[in-house]
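This report describes the architecture, the packing and the charged pairs of a single protein chain. The sequence and the model are shown first, and the description follows.

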Amino acid sequence: MPRFLTMIRINEQDLPPNEFPPEFEQRMGALLEEITKASVMLDTAGLLPTSEATRLSWSGGKISYTDGPFTETKEVVGGYSLSQCKDKAEAIEWTRRFLEIHPAEWNVSAEVREIQEM
């Protein structure tokens, strides 16, 4: 079965307060339990903010390093999931359900990409 990487994109400047609403945490817990029981979820996690990141770039035959935060970047990857689904439609359905759990006033997007098997 194909594997999919879903990257959760956020704007770090518009993050909600550090405390998540209790109903959000409950709904998220229930969905993660369901997706795990369905044997779809292989791994998932949130990422630390870009203020704790380092970007490496290769240009002109040299490596350069830039420490975060990356203020010129509006949208960053804030988390990810690695899933194994029967097809892209199933991966998109799980991602849709994940996004719908978030409060309506939040701005969160996701990119679903199939992993190229070698």
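What percentage of the 118 residues of the protein chain count as buried? The share is 26%, where buried stands for under 20% relative accessible area, exposed for over 50%, and partly exposed for values in between (1.4 Å probe, protein chains only).

The model is predicted, and local features need pLDDT of at least 70, side-chain atom pairs count only at pLDDT 80 or more, and totals for chains, interfaces and linings use all residues. Residues are numbered from 1 along each chain as its sequence is written, and side-chain values use heavy atoms, with hydrogens and water left out.

## Overall architecture

The secondary structure of the protein chain consists of two helices and six strands; helices (H or I, at least four residues) and strands (E, at least two) are DSSP runs numbered from the N terminus. Along the sequence, the elements of the protein chain appear in the pattern β-α-β-β-β-β-α-β. Taken along the principal axes, a box of roughly 45 × 40 × 15 Å holds the C-alpha atoms of the protein chain. Of the contacts in the protein chain with a separation of 6 or more, 76% come from residues 24 or more positions apart; a contact requires heavy atoms within 4.5 Å.

## Strand pairing

Strand β1 (3-10) is joined to β5 (residues 76-84) by eight bridges, and the two run antiparallel. Two strands are taken as paired if DSSP finds at least two bridges between them. Within the pairing with β5, Ile8 stands opposite Gly79. Strand β1 is also joined to β6 by six bridges, again in antiparallel orientation, and Glu111 in β6 is the bridge partner of Met7.

## Helix α2 and its buried side

Helix α2 has 14 residues and reaches 20 Å from its first C-alpha to its last, close to the 20 Å expected at 1.5 Å a residue; the expected span is 1.5 Å times one less than the number of residues. The buried residues of α2 are Ala91, Trp94, Thr95, Phe98 and Ile101. These residues lie on the same side of α2 because they cover an arc of only 115 degrees around the axis, the arc being that of the directions from the helix axis to the C-beta atoms. They pack against β1, α1 and β6. The face of α2 turned away from this buried side carries the exposed residues Ala89 and Glu100.

Thr95 belongs to helix α2 and counts as buried because its relative accessibility is 9%. Leaving aside neighbours within four places in sequence, Thr95 is in contact with Thr6, Ala110 and Val112.

The loop between α2 and β6 (109-114) contains His102. His102 is buried, since its relative accessible area is 13%. Not counting residues up to four places away in sequence, His102 touches Phe24, Met28 and Val108.

## The nonpolar core

The largest nonpolar core has 15 residues, and Cys85 and Trp94 are those with the most contacts inside it. Such a core is a set of buried Ala, Val, Leu, Ile, Met, Phe, Trp, Tyr and Cys residues joined through side-chain atoms within 4.5 Å. At least two residues of this core are supplied by each of β1 (3-10), α1 (22-37) and α2 (88-101). With neighbours within four places in sequence left aside, Cys85 is in contact with Met1, Pro2, Phe4, Val40, Glu90, Ala91 and Trp94.

## Salt bridges

The count comes to seven salt bridges, each defined as a side-chain nitrogen of Lys or Arg within 4 Å of a carboxyl oxygen of Asp or Glu. The table lists some of them.

| Pair | Closest N and O atoms |
|---|---|
| Glu33 and Lys37 | 3.0 Å |
| Arg96 and Glu100 | 2.5 Å |
| Arg113 and Glu111 | 3.4 Å |

Salt bridges that share partners join Arg9, Glu111 and Arg113 into one network. Within this network, Glu111 counts as partly exposed because its relative accessibility is 25%.

Glu33 and Lys37 both lie in helix α1, four residues apart, about one turn of the helix. Glu33 is partly exposed at 47% relative accessibility, whereas Lys37 is exposed at 65%. Arg96 and Glu100 are likewise four residues apart, about one turn, in helix α2. Arg96 is partly exposed at 34% relative accessibility, and Glu100 is exposed at 54%.
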